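Good morning, and thank you for coming. Today I should like to take you through one protein chain, starting with its overall form and ending with a few individual residues.

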Amino acid sequence: MSSVWVLMTDTWNTIADWYAELLRTGSAMNEFSRDILLDCLPVELSGRSILDLGCGEGIITRALAARGARVTGIDPSPRMIEHAQAAERNLSTGACYAIDDGCVLATVATDSVDWVTAGLSLNNVPDLDAALTAAQRVLSPGGRLAFTIPHPCFEAPHAAWTDSAQGRPRRVVGDYVSEGFWRSDNPQGVRRAGNQHRQLSTYLNALVAHGFLLEATAEPAAGPQVAAEQPQRAQLPPFLLVLARRRT
Ligand SMILES: C[S@@+](CC[C@H](N)C(=O)[O-])C[C@H]1O[C@@H](n2cnc3c(N)ncnc32)[C@H](O)[C@@H]1O
């Protein structure tokens, strides 16, 4: 079968080599999502312990380590963790990695971290309640959860671009209220591995139900690099950022 076809059996583990190469060669979208997440953490993280949930090949984990944090990245994909560990052998940032499921966090002790970061990963966990229960458990009282997800309003299943009558690109969104697993049919799309669509309210209500205090949200417009590569994205936020605190 041609490699440009989407395999209906693709998973994050089967596309891990492709994803790692995409990020290694420079992905403006991934760097933008990393940077909006990093922007809500202190610049100086010495002495802070951080769990990076769904770390993939470690783009965010490495950046947190570079700020001085004691950081562990976890991901259920063994191949992603191999890539993260290979990068660590080259760069020696101090980041650690483990294979783990964000819905369980079996490798992480209770009340042990100051921050949980989750860059573009909570939209991949099959059970959001389980992931928030696990994040709540490993955070020390007052610790913070910061996560990004593809903006659920504009990146709903099978959303597409079209030209309006004025020739200006417009996002066409349907299927917003139908939550659940879906797979992009774009052979170059990260979401060909499949991911979970949830309404914006589902994320926010789940945080409240799990006792998190919502501290901030952001919907930043695409940065200059993304907008230069994809001008149609200039007026729509590709990602939603959420910052929440565990009650003491
Ligand atoms: C879009 S990648 C993001 C990786 C990285 N955070 C980044 O910004 O490049 C999504 C990641 O979520 C991970 N993932 C999927 N299911 C997960 C789960 N149950 N728990 C934690 N991570 C999961 C995937 O293996 C994948 O590495």
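What follows is a short tour of this model, from the whole chain to single side chains. Please keep in mind that the model is predicted.

Let us begin with the chain as a whole. The protein chain contains seven helices and 11 strands. Its C-alpha atoms fill a box of roughly 55 × 40 × 35 Å along the principal axes. How does the radius of gyration agree with that of a compact globule? For 248 residues, such a globule would have a value near 18 Å, and the protein chain has 18 Å, so the two agree.

Turning to the interior, buried residues make up 51% of the 248 residues. Of the contacts with a separation of 6 or more, 70% are made by residues 24 or more positions apart. At the surface, the protein chain exposes about 11,500 Å², and carbon and sulfur atoms supply 53% of that area. As for charge, there are 21 positive and 26 negative charges, and their mean positions are 3 Å apart.

I now come to one helix, H5, which covers residues 128–138. Is H5 largely enclosed or left open by the rest of the structure? Eight of its 11 residues are buried, so H5 is largely enclosed. Among these buried residues are Leu-128, Leu-132, Gln-136 and Val-138. The buried residues of H5 pack against six elements: the strands S1, S4, S5, S10 and S11, and the helix H6.

Two of those partners, S5 and H6, bring us to the aromatic rings. The count of aromatic pairs comes to three. In one of them, Trp-12 and Tyr-19, the ring centres are 5.3 Å apart and the planes meet at 85 degrees; because an angle over 60 degrees counts as edge-to-face, the pair is given that name. Trp-12 is partly exposed, with a relative accessible area of 22%, whereas Tyr-19 is buried at 11%. Another pair is formed by Phe-147 and Tyr-203, with centres 6.1 Å apart and planes at 35 degrees, so this pair is tilted. Phe-147 lies in strand S5 and Tyr-203 in helix H6, so the pair ties together parts that are 56 residues apart in sequence. Phe-147 is buried, with a relative accessible area of 1%, and Tyr-203 is also buried, at 3%.

Tyr-19 leads us to a further residue, Asn-30, which touches it. Asn-30 lies in helix H2, residues 28–38. With a relative accessible area of 9%, Asn-30 is buried. Leaving aside residues up to four places away in sequence, Asn-30 touches Tyr-19, Leu-22, Leu-23, Ile-59 and Leu-120.

The last name in that list, Leu-120, deserves a closer look at its backbone. Most residues other than glycine have a negative phi. Leu-120, however, has a positive phi near 55 degrees. Leu-120 is found in the loop between S4 and H5. Leu-105 also has a positive phi, of about 55 degrees, although it is not a glycine. Where is Leu-105 placed? Leu-105 sits in the loop between strand S3, residues 96–99, and strand S4, residues 113–119. Leu-105 is buried, with a relative accessible area of 0%.

That concludes my presentation, and I thank you for your attention.

Technical notes
Residues numbered from 1 in each chain as written. Predicted model: local features only at pLDDT ≥ 70, side-chain atom pairs only at ≥ 80, totals over all residues. Heavy atoms only, no water. Helix = DSSP H or I, 4+ residues; strand = E, 2+ residues; numbered from the N terminus. Rg over C-alpha atoms; globule rule 2.2 N^0.38 Å. Buried < 20%, exposed > 50% of the residue type's maximum accessible area, 1.4 Å probe, protein only. Contact = heavy atoms within 4.5 Å. Areas by Shrake-Rupley, 256 points an atom, 1.4 Å probe, with all protein chains shown as cover. Lys, Arg positive; Asp, Glu negative; His and termini not counted. Charge placed at Lys NZ, Arg CZ, Asp CG, Glu CD. Phe/Tyr/Trp six-rings, centres within 6.5 Å; stacked < 30°, edge-to-face > 60°.
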